[in-house]
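Please open the model in your viewer and keep the sequence panel beside it, since each stop on this tour begins with a selection.

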Amino acid sequence: MKILNDRIEDIINLITEVANGNFDYQIEASDSGDELDALIEGIRMLGQELKKSTVSRDFMQSIYQGVVDMLLVLNKDYTIRNVNEAFEEITGFKEVDLIGMPVADLYTYLDNPKLHEAKAIFEQEGKLLNKELLLTTSSGNKMPTSCSLSYLYNNQHEQEGILIIAKDITELKKKEQELQDAKEKAEAANEAKSNFLSSMSHEIRTPLNGIMGFTNLLKDTPLNTAQAQYVNLIKTSGSNLTKLLNDILDLHRIEQDKISIEAIPFDIRENVASHLEPYKHLAGAKQVAFTYTFDDAVPKVIVGDPTRINQVLINLVSNAIKFTETGSIRMHGSVLAVDEAEEAVELLFTVTDTGIGIPAEKQAVIFESFTQSDQTTSRKYGGFGLGLAISKKLVRLMHGEMGVSSPPERQGEGSSFWFSVKLNFVKSEELAMDDDEYELSYKVRDNYQVLVVDDNPINVLLIQDVLENYGAVVTTAEGGEEAVQIALDNPFDLILMDIQMPGVDGLEASSRLRRAGLKSPIIAFSANAYKDDIAKSMEAGMNDHLCKPFTNRDLVAILKKWA
């Protein structure tokens, strides 16, 4: 009996040790291998299973407490069961104070208006990822967090709770705000730049309009040889200033993505010839031969932007003439690829000269704004280094590439600039006549009444003189207020309205006239050349836009369109 009592006492000690976590406690089995030994072995096996379970539990607990993000374990009714140490450290709460608290006390509906919606999505889909919610800390501060929710399941795969992983994104939101502030500042700077350029354009174009206009009128008067030379020099200087102004505005419009490429059918050979033919005379004055040719494979009629293609060609030809003292210049157009089914063609234009050439180390930088291959050339040859930069940007807008080879292959000197453009072509070679084609003998119908509104007396005198040469009867007004009164009291066939005027400007005057029921065409006669400015003119009730400085061709086109 004593032996039995001792064995039972040993078993009780074993159970006590296992219950206290000493899972490796052992007692020796008896020699008989009786039922008590079987019980001892069962307790030992249970201890080992408990040991494995406890180790696993401790391992998970260490992970739970070691995670740097905040963890919340909720009951199924969204009350808090546990939080980890990271949550306590970041928020200032203690776990003991949070147990049983509704999680909505921390993530309030007031701070998170879409919390109901987020909860519904979670309950429907069983998870919710990276939802931004504001968490109230122990100090009452609002902390932005990125929360992911998922259900916790027991061994029977039953929902037992909810796990929230919350990441403090205060620094991230701060960086986002800094980026947003920087973006707004950059946009404000761009807007200020646009306003400055628009204002500059207006202030320069207004006097330039008078210079160019009266120069053209002066050319039509009897002049001696010296006077004719002086007038031509004035016109050339004015044209150069106009080109520089257009280049600066073009560069800014391209940078702001505010320039569009047209797609109209035109005869590529005739169009290019009409623009390049005058440059034969400029080259001839330097005893430099200039030719332009096309391969027979180049389609006659293509669909693209003739203005921009010629702008690039003229820039390349002008540069070639400027930097070539002897020899020749040649422009050649050829086909790189053609798709008959899609009526698509890729054209290659090459301008080759025998000029001063470009050093190899400079060939990459010449396409940058305000850059020339040799800064000393600006003194000898002039220029501002904008043309090639603008040309390359325009070519890219036409889905092409641009480059240079200097010296060209099989040529010991000079340069060869090339660019490609992807266009469509028209199989029919017939083109409708341009109704806006300029005619020297153009006249408006008898008693054609035009109201000219401009606060600049030089511009008024110029446009009045030109219009009267075309047979128009001209009335003038110096401001918007006067223009409204005159236009409502007298019938006019056409109104030319300046935009920027003191007092009532052109936009307000046009709006008043339209509200009063005036139907006559109103043409914006303005130095504001931006597309946005033209759009504002149209919104104010104007019908078209004539940009200062204008050419006779521009004015005749307006008169033909609206007469």
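Select Thr324 and display everything around it: in this predicted model, leaving out residues up to four places away in sequence, Thr324 touches Lys286, Val288, Ile329, Asp353, Thr354 and Gly355. Thr324 is found in the loop that runs between H9 and strand S9 (328-339), and it counts as buried because its relative accessibility is 1%, where the cut-off for buried is under 20%. If you now add Gly357 to the selection, you will have a pair that is 33 residues apart in sequence, with the C-alpha atoms 8.9 Å apart in space.

From that loop, step back into the helix before it and select helix H9 (residues 306-323) together with helix H8 (residues 268-285), which pack at an angle of about 15 degrees with their axes 10 Å apart. Are H8 and H9 roughly parallel or roughly antiparallel to each other? Angles under 35 degrees count as roughly parallel, and H8 and H9 are therefore roughly parallel. H8 passes H9 in a right-handed crossing. To see the contact itself, show the side chains of Asn271, Val272, His275, Leu276, Tyr279, Leu282 and Ala283 on H8, and those of Pro306, Asn310, Leu313, Ile314, Val317, Ser318 and Ile321 on H9. Sorted by class, this contact has 10 nonpolar and four polar residues, and no charged ones.

The next stop is a sheet. Select the five strands in the order S2-S1-S5-S4-S3, which form an open sheet with antiparallel pairing. Strand S2 (80-83) and strand S3 (127-136) stand at the edges, and because each has a single partner strand, one side of each is left without a neighbour in the sheet. From one strand to the next, the twist averages 30 degrees. Within the sheet, strand S1 (residues 70-74) pairs with strand S5 (residues 159-168) in the antiparallel sense over five bridges, and Leu72 stands opposite Ile164 in S5. Now add helix H5 (residues 115-125), which packs on this sheet and touches S3, strand S4 (142-153) and S5, while its direction makes about 150 degrees with that of S3.

Move on to another open sheet of five strands, this one with parallel pairing and the order S14-S13-S15-S16-S17. Here strand S14 (473-477) and strand S17 (544-547) are at the edges, each with a single partner strand, so one side of each lacks a neighbour in the sheet. Ignoring direction, neighbouring strands are turned by 25 degrees against each other on average. Strand S13 (residues 449-453) and strand S15 (residues 494-497) pair in the parallel sense over four bridges, and the bridge partner of Val453 in S15 is Met497.

Two helices can be added to this view. Helix H14 (residues 506-515) lies across S15 and S16, running at about 155 degrees to S15, whereas H12 lies across S13, S14, S15 and strand S16 (522-526), running at about 165 degrees to S14.

Finish by selecting Asn459, which is found in helix H12 (residues 457-469). Is Asn459 buried or exposed? Its relative accessible area is 0%, so Asn459 is buried. Leaving aside its neighbours within four places in sequence, you can show Asn459 with its contacts Thr206, Asn209, Gly210, Asp454 and Lys548.

Key: Residues numbered from 1 in each chain as written. Predicted model: local features only at pLDDT ≥ 70, side-chain atom pairs only at ≥ 80, totals over all residues. Heavy atoms only, no water. Buried < 20%, exposed > 50% of the residue type's maximum accessible area, 1.4 Å probe, protein only. Contact = heavy atoms within 4.5 Å. Axes fitted to C-alpha atoms, helices over the stretch in contact; angles between N-to-C directions. Parallel < 35°, antiparallel > 145°, perpendicular 65-115°, else oblique. Left-handed = near helix turned anticlockwise from the far one by under 90°. Nonpolar A, V, L, I, M, F, W, Y, C, P; charged D, E, K, R; others polar. Pairing = 2+ DSSP bridges.
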